[in-house]
Amino acid sequence: MKRNRKPNRMIRRASAIVETAVVAPLMLLAMFGILELGQAYNTKQTVTLAAREGARAAVLPGATLTDAQAAADASMTMAGFSGHTVESNISSLSSTDTQVWVKVSIPFNRATFTGSMMGGGSYTISSTTAMRREGIDSASGGGSGIAPTP
């Protein structure tokens, strides 16, 4: 006897279509999630670099808050980011304070692929870098803080 295989083939095609309809949105969600995590990590690295550049500018003798902000802004702008903030304690330092810090922050929704579509509006990516000021020696009151070799 000859069996008709056509209905069986149609059933397999229909089940493949249903499986694709169920799995495709999950795969897309996973893909966008991976893209978001990668972009967030890249943004964190860029913010850390900008804070480091701002601190490098702030540790120089005679540096001002404007110098630190300009260095951090240049780094963030070069990476294509806007809407960030730069803070520092350089304005409140006395002549004997040895440490300066610079903090760069950016809202998560300004730095990701999907913006606030996946709930990114409530988180801020920030990094703070602290460095020792040049030309200030807390132990002896002057010099570079490096003892000369005999």
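Biologist: How much area does the chain expose, and what share comes from carbon and sulfur atoms?
Modeller: The chain exposes about 10300 Å², and carbon and sulfur atoms supply 59% of that (Shrake-Rupley method, 1.4 Å probe). This is a predicted model, where local features need pLDDT of at least 70 and side-chain atom pairs 80 or more, while totals for chains, interfaces and linings use all residues. Numbering starts from 1 along each chain as its sequence is written, and side-chain values use heavy atoms, without hydrogens and water.

Biologist: Okay, what secondary structure does the chain have?
Modeller: You'll find two helices and three strands (DSSP runs of H or I with at least four residues, or E with at least two). Along the sequence, the pattern reads α-α-β-β-β.

Biologist: How are the three strands ordered in the sheet?
Modeller: They make an open sheet, ordered β1-β2-β3, with antiparallel pairing (at least two DSSP bridges per pair). β1 (85-88) and β3 (124-132) are at the edges with a single partner strand each, so one side of each has no neighbour in the sheet.

Biologist: And how many bridges join β2 to β3?
Modeller: Nine bridges link β2 (residues 99-107) with β3, and the two run antiparallel. For a spot to look at, find V100, which sits opposite M131 in β3.

Biologist: Switching topic! Where is L26, and is it buried or exposed?
Modeller: L26 belongs to helix α1 (residues 6-58). L26 is exposed, because its relative accessible area is 56% (exposed is over 50%, buried under 20%, partly exposed in between).

Biologist: What percentage of the chain counts as buried?
Modeller: Of its 150 residues, 28% do.

Key. Buried means under 20% relative accessible area, exposed over 50%, partly exposed in between (1.4 Å probe, protein chains only).
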